[in-house]
Amino acid sequence: NMRELLPPEVSAAVAEKLQEAASTGEPATVEYSLVLPDRTGIFEARIVLCGDDKYLSVIRDVTETRRTTLELKKTHQFIERITDTLPSILFIYDRVQRCHVYLNQGVTAILGYSEAEIREMGGGVVPRLVHPHDRHRVDAHSSRLGSISDGQVLRVVYRMRHKDGKWRWFHGSETVFARGEDGQVTQTIGTATDVTEHQGTQEELQLLSSRLLSLQDEERRKLAAELHEVTAQNVFAVTLNLKVLREL
């Protein structure tokens, strides 16, 4: 019987599902593994009650299906580990549903918001988080995305408000991820890299450059004034000398 043919743990699991099918009148499903002469197989048994103390069970070998599922899961976890170690926010945006369908952990590390919070904002991310002075630039960038070709990458620089209220500079890169049957862009994939420190350095360099130019201009004016004064004095001295010479 079943207890003689199957390992104890498998037999107990099947017996439990037999009781479940009998008590509920609904099909019961159990999955188990068996060590076979040439391999370890994974099987799925679907059990239904067919009368008093009689059951019908359909058993499928799902070994390859489960292995494929496991490999896909491992691949997905591997990709997630890679994307979560990126120093940028990685996202997939659905232009039809007007929401982010994927965000890596960078959104929390860089902006302070959880993935759920950004998802809840939906299409309100730009008006709620992008600096008012940069919205026209971001809106124009979004409009251009609807007509770009596959492989083309658009870039934009803008400010976003951190959860703590501070503004941070970002460099965004975005391209086509999916198109609809009509060829229209339905989803885009992109990154947003925090360049606040770089932007601050650039602004400091601009200020220093402006200050340097101002100092140079001021120095030129001083030099010009000094040259004018010296030249005037020399001309006056030459004039006096000529006058003396004419009187001799």
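In the predicted model, the side chains of Glu-20 and Lys-17 are joined by a salt bridge, with a nitrogen-to-oxygen separation of 3.2 Å. Both residues belong to helix α2, which spans residues 8-24, and they are placed three residues apart, that is, about one turn of the helix. Glu-20 is partly exposed, its relative accessible area being 31%. This contact belongs to a structure that holds 12 salt bridges, several of which are described below.

A pair with the same spacing occurs in helix α3, where Glu-64 and Arg-67 lie three residues apart, about one turn of the helix. Here the salt bridge brings the closest N and O atoms to 3.6 Å from each other. The two partners fall into separate accessibility classes: Glu-64, at 54% relative accessibility, counts as exposed, because the cut-off for that class is over 50%, whereas Arg-67 has a relative accessible area of 40% and is partly exposed.

A further salt bridge is formed between the side chains of Asp-194 and Arg-168, for which the N to O distance is 2.6 Å. Asp-194 is located in strand β8 (residues 185-194) and Arg-168 in strand β7 (residues 167-179), so this pair ties together parts of the chain that are 26 residues apart in sequence. With regard to accessibility, Asp-194 is partly exposed, with a relative accessible area of 25%, and Arg-168, at 27% relative accessibility, likewise counts as partly exposed. Besides these pairs, there is a network in which Glu-31, Glu-44, Arg-60 and Arg-66 are joined through salt bridges that share partners.

Apart from these charged contacts, the surface carries a nonpolar patch of about 290 Å², to which Phe-78, Ile-79 and Ile-82 contribute. Of these residues, Ile-79 can be placed in helix α3, which covers residues 63-84. The relative accessible area of Ile-79 is 46%, a value that makes this residue partly exposed. Since membership of such a patch calls for over 30% relative accessible area, the 46% found for Ile-79 is in keeping with its place in the patch formed with Phe-78 and Ile-82. Helix α3 thus holds both Ile-79 of the nonpolar patch and the salt-bridged residues Glu-64 and Arg-67.

Conventions
Residues numbered from 1 in each chain as written. Predicted model: local features only at pLDDT ≥ 70, side-chain atom pairs only at ≥ 80, totals over all residues. Heavy atoms only, no water. Patch = residues over 30% accessible without salt bridge, like charges linked within 9 Å, V, L, I, M, F, W, Y side chains within 5 Å. Areas by Shrake-Rupley, 256 points an atom, 1.4 Å probe, with all protein chains shown as cover. Salt bridge = Lys/Arg side-chain N within 4 Å of Asp/Glu carboxyl O. Helix = DSSP H or I, 4+ residues; strand = E, 2+ residues; numbered from the N terminus. Buried < 20%, exposed > 50% of the residue type's maximum accessible area, 1.4 Å probe, protein only.
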